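Let's take a walk through this one, starting with its charged pairs and ending up in its core. Keep the model open as you read.

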Amino acid sequence: DELVAKAKVLTDSRKKAAEEISREVTKELSELEMPKVRMQVRTDKKKYSFDGADDVEFLISTNVGENVKPLSAVASGGELSRIMLALRKILSSSAQNETLIFDEIDTGVSGKASVRIAQKMKQMSKTAQVITVTHLAQIAAMADRHYLIEKNNEDAHTATTIYALDEEQSVQELARILGGAQITDAVMDSAREMRELAIHKKAEIRQSIS
């Protein structure tokens with residue numbers, strides 16, 4: 001009787017949380033250039049175990065007119081990156097002083113969506129330390145601090161070195177990401193402008209959060 005009662009408490013809590021998470025994730029994804037997405041969290045009965053009597057599955061539809069299907073079977077790499085970011089933002093919103101690490105969250109993402117991702121991570125940095133490894137200038141430009149990671153072969157071993165960059169070095173690295181091997185004056189100007197725009201946008205985000 002005690003097992004059944006406690007499992008029911010878990011089930012009721014999960015169903016209530018499922019509605020809230022679905023609503024919040026849909027809102028976050030709309031801000032990440034996925035306005036047509038629909039998400040559901042389905043809870044099915046299973047045999048009693050240490051974590052209750054529910055099987056929980058995330059279902060999603062990314063296009064109008066399509067039925068929701070398991071997340072792993074529907075979303076592309078770029079969509080998965082944004083869904084993961086949305087979930088992480090929601091689940092970490094009440095936590096304080098934690099560190100969030102995103103390794104190449106820009107996979108499959110470009111253009112306007114990458115700018116939205118950068119802005120979303122900036123919002124998250126209000127309550128957490130956010131570290132990201134990225135190859136997109138739009139995301140890197142929004143960071144407060146930049147570090148360059150290099151790998152070198154030394155005596156048949158691979159050594160990884162991390163350098164802290166000052167503001168001018170940050171602009172140079174943004175230019176390298178933008179222009180590859182050809183870093184012209186025009187590319188440097190674009191990188192500097194991107195950095196300046198990001199600094200202004202960060203100030204707006206900080207003001208809106210506070």
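In this predicted model, E168 and R192 bring their side chains together in a salt bridge, with 2.8 Å from N to O. E168 belongs to helix 6 and R192 to helix 7, so this pair ties together parts of the chain that are 24 residues apart in sequence. How buried or exposed are the two partners? E168 is partly exposed at 37% relative accessibility, and R192 is partly exposed too, with 29%.

Stay on helix 7 and look for K202, which forms a salt bridge with D144; here the closest N and O atoms are 3.0 Å apart. D144 sits in the loop between helix 5 and strand 6 (147-154), while K202 is in helix 7, so the bridge joins parts that are 58 residues apart in sequence. The two ends have rather unlike surroundings: D144 counts as partly exposed at 44% relative accessibility, whereas K202, at 5%, counts as buried because the cut-off for that is under 20%.

Now swing over to helix 1. R14, in that helix, pairs with D54 in strand 2 (residues 52-61), and 40 residues separate them along the chain. Their closest N and O atoms are 2.9 Å apart. This time the acid is the buried partner, as D54 has a relative accessible area of 5%, while R14 is partly exposed at 24%.

Those are single pairs, but salt bridges also join up here: K27, E28, E31, K89 and K120 are linked in a network of them. Across the whole model, the count comes to 18 salt bridges.

What about the nonpolar side of things? The largest nonpolar core has 39 residues, and L29, L85 and I117 are the ones with the most contacts inside it. Plenty of elements feed into this core: helix 1 (2-31), helix 3 (77-92), helix 4 (111-124), helix 5 (137-140), helix 6 (167-179) and helix 7 (185-209) each give two or more residues, and so do strand 1 (38-49) and strand 4 (98-103).

L85 makes a handy place to stop and look around. Which residues does L85 touch, leaving aside its neighbours within four places in sequence? The list runs L32, F102, I105, I117, K120, M121 and M124. Two of those names should ring a bell: I117 is another of the residues with the most contacts inside the core, and K120 is a member of the salt-bridge network.

Terms used
Residues are numbered from 1 along each chain as its sequence is written. This is a predicted model: local features need pLDDT of at least 70, side-chain atom pairs count only at pLDDT 80 or more; totals for chains, interfaces and linings use all residues. Side-chain values use heavy atoms; hydrogens and water are left out. A nonpolar core is a set of buried Ala, Val, Leu, Ile, Met, Phe, Trp, Tyr and Cys residues joined through side-chain atoms within 4.5 Å. Buried means under 20% relative accessible area, exposed over 50%, partly exposed in between (1.4 Å probe, protein chains only). Helices (H or I, at least four residues) and strands (E, at least two) are DSSP runs, numbered from the N terminus. Contact means heavy atoms within 4.5 Å. A salt bridge is a side-chain nitrogen of Lys or Arg within 4 Å of a carboxyl oxygen of Asp or Glu.
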